[in-house]
Amino acid sequence: MNSTTKLIHSIPTDPLTGSISVPIYQTSTFVQDAPGEHKGYDYARTNNPTRAVLENLIAELEGGQLASAFASGLAAIDAVVKLLECGDEILAVDDIYGGAFRLFTHIYAKFGIKVNYTDTTDVANVIDAITPKTKLVWLETPTNPTLKISDIEAIAAIAHQNGALLCVDNTFASPALQQPIKLGADLVVHSATKYLGGHSDLIAGLVISKTKELGGQIKFIQNASGAILSPHDSWLVIRGIETLQLRVFEHSRNAITVAEFLQNHPLVDQVFYPGLTTHTNHHIAAKQQKAFGGIVSFSLKTDTEAAANEFVCNTQLFKLAESLGGVKSLLCHPATMTHKSIPAEKRKAVGVSDSLIRLSVGLEDACDLIADLDQALSKVHIASGTLETVN
């Protein structure tokens, strides 16, 4: 069966009424026939029928056994870290989402969980950095915001040989393009706020587990900690997933067109997009992804915050905002927005320069998007290392 057909028909109709749309069960509790005797639901923090449909759906799409839905992507990440104990270590990709860095560094470090960062694009670095205390290897692939690609299958083997779990943040690719569990990952996390929701109208997170045992541990944490996704937001994610395949492949088509335009622009220094053959690990992305996603990052030839600000404040179709993955194109300046919590020296060391700009390429016509980028770049003149505005 075609993957688009399978996805659409993985969303069940309501067995009670035949409703083609999953009902929103907006309730806090459920009536019981006798103490402990109920229809599978007792309290909405523990379980909810609408949320259960989403969890079953994303588990199927990712090839996992169980999934849990959380109130945000960071709540999902937090649940995974709660599998660890004091003295355990995380080996994490160096170009990491700023929110994950903040959680690891400012919350869990004080509880005795150490995080070591390495460039996971080279498998040899993972082999060198993993220790007997490493209990979790943390990947983003592609990374946020420099779109680094790591070999999931090879790193899964290394993690398992050393008694560690592998968790992959699959937000940028989505299960439409990449299924890390099938490549050996134990856990997959999503900010469902992004491509799964797809319309910039919700905040949500997901954790998908390879085994029922691991999924049961995450379920326990979900119930015990309480950062659950609401029924209405669960329904919004389900609705977004219905068009996931169509949207993500169109995002990818627009993104490669934008990346190729930027690559040839005289004011652009570097373009970061795994679909370009010049990308360091393009061959790995081509092996483990069905397409290359809708995020493109690039830096300007004058590496200054002023140059970046001049550009991002002059686009018209690309709206300046945090987040990504929606129908409308967005852009941001990671150094002062999404990755501001990362110290400047660490941020720059992994490629997040002062002039780096991240584009979330939407579903508008690609020619219109390129025209918008071109006119914004024309407002910035870079010569002799100085920034001048063209009037």
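In this predicted model, seven strands form an open sheet with mixed pairing, in the order β1-β7-β6-β5-β4-β2-β3. Strands β1 (66-70) and β3 (114-118) stand at the edges; each has a single partner strand, so one side of each is left without a neighbour in the sheet. Averaged over the sheet and with direction ignored, neighbouring strands are turned by 20° against each other.

At the β1 edge, the pairing with β7 (residues 205-209) is antiparallel and extends over five bridges. Within this pairing, L66 has S209 of β7 as its bridge partner.

Two helices that pack on the sheet are set out below.

| Helix | Strands touched | Direction relative to a strand |
|---|---|---|
| α3 (residues 73-81) | β1, β2 (89-93), β4 (134-140), β5 (165-169), β6 (187-191) and β7 | about 155° with β6 |
| α6 (residues 152-161) | β4 and β5 | about 150° with β5 |

Helix α3 thus has contacts with both β1 and β7, the two strands joined by the five antiparallel bridges. Strands β4 and β5 are touched by α6 and also by α3.

A further contact is made between two helices. The axes of α2 (residues 49-62) and α8 (residues 231-242) come within 8 Å and cross at roughly 35°, and the crossing is left-handed. On the α2 side, the contact comprises T50, R51, V53, L54, L57 and L61; these residues meet P231, S234, W235, V237, I238 and I241 of α8. By residue class, the contact of α2 with α8 contains nine nonpolar, two polar and one charged residue.

Note on methods
Residues are numbered from 1 along each chain as its sequence is written. This is a predicted model: local features need pLDDT of at least 70, side-chain atom pairs count only at pLDDT 80 or more; totals for chains, interfaces and linings use all residues. Side-chain values use heavy atoms; hydrogens and water are left out. Two strands pair if DSSP finds at least two bridges between them. Helices (H or I, at least four residues) and strands (E, at least two) are DSSP runs, numbered from the N terminus. Axes are lines fitted to C-alpha atoms, for helices over the stretch in contact, and angles run from 0 to 180 degrees between N-to-C directions. Contact means heavy atoms within 4.5 Å. A crossing is left-handed if the near helix is turned anticlockwise from the far one by less than a right angle, and right-handed if clockwise. Ala, Val, Leu, Ile, Met, Phe, Trp, Tyr, Cys and Pro count as nonpolar, Asp, Glu, Lys and Arg as charged, and the others, Gly among them, as polar.
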